[in-house]
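Colleague: Please take a close look at one strand and the strands beside it. Tell me how it sits in the fold.

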Amino acid sequence: MYRNVLFDLYGTLIDIHTDEKKRYLWQNMSEFFRAYGAYYTPASLKHAYLTYVSQLEAQLGGPYPEIQLELVFLQLYLDKGIHADSALIQHTGTMFRTISRSRLELYPDVLDLLNGLKERGIGIYLLSNAQHMFTDQEMQMTGLHPFFDGISYSSDAGCRKPDPTFMELLLKNYGLDKKECIMIGNEAASDVAVADACGMDSIYLHTNLSPAGETAPTATWQILDGSHLEILQILDKVNGA
């Protein structure tokens with residue numbers, strides 16, 4: 001019996017598009033930094049940002065490291081002699097994400113799915129490869145936050161899916177039995193793989209953000225038409241509802 005579901009977020013519940021390569025982002029962010037006394041050209045800012053991301057990932061080590069971008073933004077200010085406080089770092093992260101993001105919306109049946117899970121008394125948890133400073137705001141913006149009984153962001157854990165350590169931390173932190181849980185996500189190499197690594201059942205949900213033509217033969221179930229409400233049908237069948 002499945003008493004808890006563990007969801008991926010982006011591409012599973014939220015349809016999103018971001019682009020950190022576009023020139024517009026780095027032009028606007030360089031102007032933002034200059035407003036606080038940190039003088040960068042768009043090219044030098046992008047280079048410094050990517051350099052610090054790579055350095056911090058190397059320091060973390062492991063096969064799937066996940067840094068906290070707060071540390072990158074902090075260092076970018078320090079390099080220009082600016083001692084940024086936590087409010088400015090968060091403001092910088094919010095600006096960076098807002099400019100790089102062009103789409104943020106729930107898939108059509110997500111709220112019906114989550115309400116259906118709540119009605120059935122099933123626990124709802126998030127296991128997301130994501131930056132806390134970005135994603136917590138987007139959870140609030142889309143109205144998802146109140147539905148979740150527990151949330152785990154990879155930036156807080158220092159590792160990301162498919163590293164089983166990330167999954168094990170969530171299970172430990174919330175006292176969950178993996179035999180009573182099922183992982184649901186839209187990427188075989190991330191969501192299904194982490195469930196496989198932990199000996200947990202999974203549902204692969206193919207959406208517009210899944211790799212083209214991808215299937216997940218090791219998943220316990222596959223939903224290849226992106227139907228979120230089919231998840232409820234699977235859970236009802238297993239739980240005998």
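Modeller: **Strand β6 and its neighbours**

In β7, Ile203 is the bridge partner of Ile184. This is a predicted model, where local features need pLDDT of at least 70, side-chain atom pairs count only at pLDDT 80 or more, and totals for chains, interfaces and linings use all residues. Residues are numbered from 1 along each chain as its sequence is written, and side-chain values use heavy atoms, with hydrogens and water left out.

β6 and β7 run parallel, paired over 4 bridges. Two strands pair if DSSP finds at least two bridges between them. Strands are DSSP runs of E, at least two residues, and helices are runs of H or I, at least four, numbered from the N terminus. β6 also pairs with strand β1 (residues 4-7), again in the parallel sense and over 4 bridges. There, Leu6 has Met183 of β6 as its bridge partner.

Now burial. Strand β6 (residues 181-185) has 5 of its 5 residues buried, so it is largely enclosed by the rest of the structure. Buried means under 20% relative accessible area, exposed over 50%, partly exposed in between (1.4 Å probe, protein chains only). In a regular strand the side chains alternate between the two faces of the sheet. Both faces of β6 are covered. Cys181, Met183 and Gly185 are buried on one side, Ile182 and Ile184 on the other.

Past β7 comes a loop. His206 lies in it, between β7 (201-205) and β8 (221-223). His206 is buried, at 17% relative accessible area. Leaving aside residues up to four places away in sequence, His206 touches Pro211, Gly213, Glu214, Ile223, Leu224, Asp225 and Gly226. Contact means heavy atoms within 4.5 Å.
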